[in-house]
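Reader: Hi! I'm new to this one and would like a friendly walk through it. Could you show me what we're looking at?

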Amino acid sequence: MYNTLAGQVSGTPMQLGDAALTALMGYAIVFLGILLLVIVVVIVSRIMTAGKKKAAEPTTPAPNRDAPIQKLESTAPKAPGSAGELKLYDTDPKTAAMLMAIVADKMGKPINELRFKSIREVK
């Protein structure tokens, strides 16, 4: 049998105190290793999030859900094939126009053959 404390091979088993000390030292080393790993992960995550914060653009505040409805109305005469008024909820006209163009393209139909009643941003 190998006695780890004495560093020699001996025929006598370890005493209870020696076994407890060896076990506690092993637990302590593993615990310190895990603690060092946690510290490294925290430091790396702070470095990564600091880099993302610098690269991120300033965000605009979210529009109010209770904001009044915008209506796209024009004093100009309506184009042939237009389908009337469009109500916008929490959406600007530029985004609404882009969405209507995308829907028309995906459906494979001209935009003047589609009727959009309202557009609402889903949050």
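**A loop to start with**

Author: Happy to! Asp90 is a good place to begin: its relative accessible area is 16%, so it counts as buried. Keep in mind that this is a predicted model.

Reader: Thanks! Where is Asp90 found?

Author: Asp90 sits in the loop between S4 and H2. Its backbone is worth a look too, as Asp90 has a positive phi of about 55 degrees although it is not a glycine.

Reader: What sign does phi have in most residues?

Author: Most residues other than glycine have a negative phi.

Reader: OK. And Thr91, is that one buried or exposed?

Author: Thr91 is buried, because its relative accessibility is 9% and the cut-off for buried is under 20%. Thr91 lies in the loop between strand S4 (87–89) and helix H2 (93–107).

Reader: What lies 3.1 Å from a polar atom of the Thr91 side chain?

Author: That would be the backbone oxygen of Tyr89.

Reader: Let's zoom out. How many helices and strands are there in the chain?

Author: The chain has 2 helices and 5 strands. Following the sequence, they come in the pattern β-β-α-β-β-α-β.

Reader: And what share of the residues is buried?

Author: Of the chain's 123 residues, 10% count as buried. The chain exposes about 10600 Å², and carbon and sulfur atoms supply 65% of that area.

Reader: Which residues make up the largest nonpolar core?

Author: There are 8 of them: Leu86, Leu88, Ala96, Met100, Ala104, Leu114, Phe116 and Ile119. H2 gives the most to this core, with 3 residues. As background, nonpolar side chains tend to be buried together in soluble globular proteins.

Reader: What about nonpolar residues on the surface? Which ones make a patch?

Author: Phe31, Leu32, Leu35, Leu36, Ile39, Val40, Ile43, Val44, Ile47 and Met48 form a nonpolar surface patch of about 990 Å².

Reader: Let me pick Val44. Where is Val44 found?

Author: Val44 belongs to helix H1, which spans residues 16–55. Its relative accessible area is 44%, so Val44 is partly exposed; the range for that label lies between 20% and 50%.

Reader: New topic! What share of the contacts between residues at least 6 apart joins residues at least 24 apart?

Author: That share is 41%. For a look at sequence separation and distance in space, try Lys87 and Arg120: they are 33 residues apart along the chain, and their C-alpha atoms are separated by 8.5 Å.

Reader: Where's Lys87, and how accessible is it?

Author: Lys87 is in strand S4. With a relative accessible area of 35%, Lys87 is partly exposed.

Reader: One last pair: how far apart are Glu121 and Ala96?

Author: In sequence, Glu121 and Ala96 are 25 residues apart, while their C-alpha atoms are 9.6 Å apart in space. Ala96 is one of the core residues listed earlier. Glu121 is in the segment after strand S5 (118–120), and Glu121 is partly exposed because its relative accessible area is 33%.

Reader: Lovely, thank you!

Definitions and conventions. Residues numbered from 1 in each chain as written. Predicted model: local features only at pLDDT ≥ 70, side-chain atom pairs only at ≥ 80, totals over all residues. Heavy atoms only, no water. Patch = residues over 30% accessible without salt bridge, like charges linked within 9 Å, V, L, I, M, F, W, Y side chains within 5 Å. Areas by Shrake-Rupley, 256 points an atom, 1.4 Å probe, with all protein chains shown as cover. Salt bridge = Lys/Arg side-chain N within 4 Å of Asp/Glu carboxyl O. Helix = DSSP H or I, 4+ residues; strand = E, 2+ residues; numbered from the N terminus. Buried < 20%, exposed > 50% of the residue type's maximum accessible area, 1.4 Å probe, protein only. Contact = heavy atoms within 4.5 Å. Polar contact = N/O pair within 3.5 Å; in protein donor to acceptor, adjacent residues only side chain to side chain. Core = buried A, V, L, I, M, F, W, Y, C linked by side-chain atoms within 4.5 Å.
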